[in-house]
Amino acid sequence: MRDVGQRVLEELTGQRGERRALPDQAILIAEELTPSDTAQLDRTKVVGFATTGGGASSHVAIIARSLDIPAVAGIETAALDVPDGSRVVLDGTAGSLQLNLTEDQIGAILGRQRRLAERKAREDARKHEPAVTADGHRVKVVANIGGVEDAVQAAGMGAEGVGLLRSEFVFMGRSTAPTEADQAEVYADCAKALRRGDPLVIRTLDVGGDKPLAYLPIPAEENPFLGIRGVRVGLEKPEVLRTQLRSILAAAGHGAELFVMFPMIATIADWRAAKQIFDDVVAAHPPARPVSLGIMMEVPSVAVMAKQFAAEEGCDFFSVGTNDLTSYTLAMDRGHPKLASQVDPCNPAVLSLIGDAAEALHARGKWLGVCGGVASDPQAVPILVGLGVDELSCSIPAIPSVKAAVRSVSLEDCRRLAAKAVTCSTPEEVRSLVPTIDE
């Protein structure tokens, strides 16, 4: 809202906010960057940024990850006092900003950058090869996308499909709701951009909370993140959900294999109500090819009752939204300036929930994916594989490195790591089990 308000004021007054000319190799430091600030960063000038607000799973951090820009969120406020023009080093992996380095230290860092660039080139050269562990276990690596352009880019980066199409992007940035035909065209074009038979997991409209729609008003709530959001909007306004489901079914048969995923399912009653709407739409509008149905596991109750949900007829899979799952499990706002840095999906509590869900689904012959930010973290990949995750859905730039992380380990080693991780006491202990890779 502050972002939009500032832009409206500029239009009304004719006074544009000062946009300083940036030097080459610029690192931005700010209290916060709005989503529009981040999306409009000049990649030819900006090599990274740090903010005192937010955390690793905040929306600005997610945008930065999709742009492949190193970023540190939740940095100490003292960083704001660094004088303009200072030579600093931003380490996105360690989450640090370093000043007053010697020439020898700078040289060592430049050497590390060269090694990382060489490693990235090796990973890119194999990006279209499958992700298979050293002992032959296949893990599907797919992409998180927001539309057709992303689908094309993901296919070019080696994605084996799409694990999360954020369908709310079809609804946002417009004054009226998209028509059924509008939606069907987008979903069909995304399906055509992928190889025939690759998965395309479409999350139904996920608004509410921090994603409002002007033409789909939701009454003011004291705590919108615990209110009407995700599938609850569709159950409150079933015609919106029916229209979207009809448009998804109409896109079946255009290449990719379609999957529908309901967000913010919290109870068996939620699931059954949403599935009944889906079944009714399928009965009235049979798709050209079957469309599978599943749950975005982002509420802890789904993980705790994974056996019951897995036993539900028609529930074919879970895909874990680790950003919200971590936030709800720890009862911490991932955008809170003092708490966001603690919202770490490698918390043993979160990992235990993922492992329990994988076990419950596998017992029923069903599969588990992860579409949250942690799937893009090569350091977390071996642990997720060891927990039983079958599919990793990551940001597009991360696809080659995630595949490489899978190839670098054996399933046996992953299981040993996962067994240790769930007995750890802190996320830091978990991360220490898998050193960062500099070579």
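In the predicted model, phenylalanine 262 stands opposite isoleucine 295, a residue of strand β11. This contact belongs to the pairing of strand β10, which spans residues 257-262, with β11; the two strands run parallel and are joined by four bridges. Between them the chain passes through helix α10, residues 268-284, and the resulting β-α-β crossover is right-handed. Strands of a sheet pair through backbone hydrogen bonds, in either a parallel or an antiparallel manner.

Strand β11 also pairs with strand β12, which covers residues 317-320; this pairing is again in the parallel sense and comprises four bridges. Within it, glycine 294 has phenylalanine 317 of β12 as its bridge partner. Strand β11 thus has pairings with β10 and with β12. The strand, residues 292-297, is mostly covered, and six of its six residues are buried.

A further set of strands forms an open sheet of three, in the order β1-β2-β3, with parallel pairing. Strands β1 (26-30) and β3 (71-73) stand at the edges of this sheet; each has a single partner strand, so one side of each is left without a neighbour in the sheet. From one strand to the next, the twist averages 10 degrees. The parallel pairing of β1 with strand β2, residues 46-51, rests on five bridges. One of the bridge partnerships places alanine 26 with valine 46 in β2. In a regular strand, side chains alternate between the two faces of the sheet.

Aromatic contacts were examined next. The count of aromatic pairs comes to four. In one of these, the ring centres of phenylalanine 259 and tryptophan 367 lie 5.9 Å apart and the ring planes meet at 85 degrees, so the pair is classed as edge-to-face; the cut-off for this class is an angle over 60 degrees. The pair links distant parts of the chain, since phenylalanine 259 lies in strand β10 and tryptophan 367 in strand β13 (residues 367-370), 108 residues apart. Phenylalanine 259 is buried, with a relative accessible area of 8%.

Tryptophan 367 also pairs with phenylalanine 317: the centres of their rings are 4.6 Å apart and the planes are at 5 degrees, so this pair is stacked, the cut-off being an angle under 30 degrees. Here too distant parts of the chain are linked, with phenylalanine 317 in strand β12 and tryptophan 367 in strand β13, 50 residues apart. Phenylalanine 317, the bridge partner of glycine 294, has a relative accessibility of 0% and therefore counts as buried. Together, Phe259, Phe317 and Trp367 form one aromatic cluster.

Finally, the cysteines were considered. A search of the whole structure finds zero disulfides. The sulfur of cysteine 315 has its closest cysteine sulfur in cysteine 371, at 14 Å, which is too far for a bond. For cysteine 371, the closest cysteine sulfur is that of cysteine 394, at 11 Å, and this separation is likewise too far for a bond. The cut-off for a disulfide is a sulfur pair within 2.5 Å. Cysteine 315 counts as buried because its relative accessibility is 0%, and cysteine 371 counts as buried at 4%; the threshold for a buried residue is under 20%.

Key. Residues numbered from 1 in each chain as written. Predicted model: local features only at pLDDT ≥ 70, side-chain atom pairs only at ≥ 80, totals over all residues. Heavy atoms only, no water. Buried < 20%, exposed > 50% of the residue type's maximum accessible area, 1.4 Å probe, protein only. Pairing = 2+ DSSP bridges. Right-handed = clockwise from strand over helix to strand, strands pointing away. Axes fitted to C-alpha atoms, helices over the stretch in contact; angles between N-to-C directions. Phe/Tyr/Trp six-rings, centres within 6.5 Å; stacked < 30°, edge-to-face > 60°.
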